[in-house]
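Subject: Handing over a structure

Dear colleague,

I am passing on the structure we spoke of, and I would be glad if you looked through it alongside the notes that follow.

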Amino acid sequence: MSTPYLGEIRLLPYTFAPVGWADCDGSMLSINDNQALFALIGTTYGGDGQITFGLPDLRGRVPLHQGQGQGLSVRVIGEIAGYESVSLTANQLPAHTHSFSATSAAASATAPGGNVQLGALSGDFMYTSDITGSASVSPAPTMISSAGSSAPHDNTMPTLTVRFCIATQGIFPTQS
């Protein structure tokens, strides 16, 4: 591995952070033991700036470039955003309707389908595709209610877990 720049972040496939590297896990480091790295990143990722400073925490996060892309929000280095799981409310769902029709005609099918409707019970049949001579009837509003438990759903895009590490030793980068 070539000599990294101090503070450089790399994706590594190992089960450990190599010598001269630390996990990007939000750990607090001593300023006295890491003065050069502190000079580069300061308290951007946490710490009190007197005794400690924080490393970036990329656990469960996707890195995002700082600045503002066309039509995008301004992003400041060190800013944290997003959630691993989200609970949607009814107000966040797109406006839509669910049609539900029934008929008084005798049912002739045993299961629901794209071309059958709930019909009058006839034997063991509950659905019919023949509604000749009868009009569909909408159910009472009290027959249909909200569903769901408001439990959060996973909001993580497809991922492959690797290790983000930051160089704690290396070449001090100079500005061009």
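To begin with the open space in the structure, the largest pocket holds about 1500 Å³ of space. Two or more residues of its lining come from each of strand 1, helix 1 and strand 10, and the largest share, three residues, is given by strand 10. The lining of this pocket is made up of 43 residues in total, and those that lie nearest its centre are Asp57, Leu58, Arg61, Val62 and Pro63. Please keep in mind, here and in everything below, that this is a predicted model.

For the overall layout, the chain has one helix and ten strands, and from the N terminus on its elements follow the order β-β-β-α-β-β-β-β-β-β-β. The chain has 176 residues, of which 18% count as buried, and its accessible surface comes to about 13100 Å², with 54% of that surface belonging to carbon and sulfur atoms. If one takes the contacts between residues at least 6 apart in sequence, 56% of them join residues that are at least 24 apart.

Strand 10 deserves a closer look, since several of the findings meet there. This strand, residues 163-167, is mostly covered, with four of its five residues buried. Strand 1, which spans residues 9-12, pairs with strand 10 in the antiparallel sense over four bridges, and within this pairing Ile9 stands opposite Ile166. Strand 2, residues 21-23, also runs antiparallel to strand 10, and three bridges join the two; here Asp23 is the residue that stands opposite Cys165.

Cys165 leads on to the question of disulfides. A disulfide is a covalent bond between the sulfur atoms of two cysteines. With a pair of cysteine sulfur atoms required to lie within 2.5 Å, the count of disulfides comes to zero. Cys24 is in no disulfide, and the nearest cysteine sulfur, that of Cys165, is 6.5 Å away. Why does Cys165 not form a bond with Cys24? The sulfur of Cys165 has its closest cysteine sulfur in Cys24, but because the separation is 6.5 Å, the two are too far from each other for a bond. As for their surroundings, Cys24 counts as buried because its relative accessibility is 3%, which is under the 20% limit, and Cys165 is buried as well, with a relative accessible area of 0%.

Close in sequence to strand 1 is Gly7, which is found in the segment before that strand. Leaving aside neighbours within four places in sequence, Gly7 is in contact with Leu37, Ile166 and Ala167. The C-alpha atoms of Gly7 and Phe38 are separated by 9.1 Å, although these residues are 31 residues apart along the chain.

Three further positions may help you to find your way around the model. The loop between strand 3 (28-30) and helix 1 (35-41) contains Asn34, which touches Leu29 and Phe53 when residues up to four places away in sequence are not counted. Is Asn34 buried or exposed? Asn34 counts as buried, because its relative accessibility of 17% falls under the 20% limit.

Gly67 lies in the loop between strand 4 (52-54) and strand 5 (85-86), and with a relative accessible area of 29% Gly67 is partly exposed. Again not counting residues up to four places away in sequence, Gly67 touches Ser73, Val74 and Arg75. Gly67 and Ile77, which are ten residues apart in sequence, are 8.0 Å apart in space from C-alpha to C-alpha.

Asp154, finally, lies in strand 9, residues 153-154, and counts as exposed because its relative accessibility is 56%, which is over the 50% limit. Which residues is Asp154 in contact with, leaving aside its neighbours within four places in sequence? They are Glu84 and Ser85. The C-alpha atoms of Asp154 and Ser85 are separated by 4.5 Å, while the two residues are 69 residues apart along the chain.

With kind regards

Definitions and conventions. Residues are numbered from 1 along each chain as its sequence is written. This is a predicted model: local features need pLDDT of at least 70, side-chain atom pairs count only at pLDDT 80 or more; totals for chains, interfaces and linings use all residues. Side-chain values use heavy atoms; hydrogens and water are left out. Buried means under 20% relative accessible area, exposed over 50%, partly exposed in between (1.4 Å probe, protein chains only). Contact means heavy atoms within 4.5 Å. Accessible areas come from the Shrake-Rupley method with a 1.4 Å probe; for residues, only the protein chains shown count as cover. Two strands pair if DSSP finds at least two bridges between them. On a 1 Å grid over the protein atoms alone, a cavity is a set of points where a 1.4 Å probe fits but cannot get out, and a pocket is an open set with protein on both sides within 12 Å along at least five of seven lines; lining residues have an atom within 4 Å of a point. Grid points are joined across faces, edges and corners, and a volume is the space filled by probe spheres set on the points.
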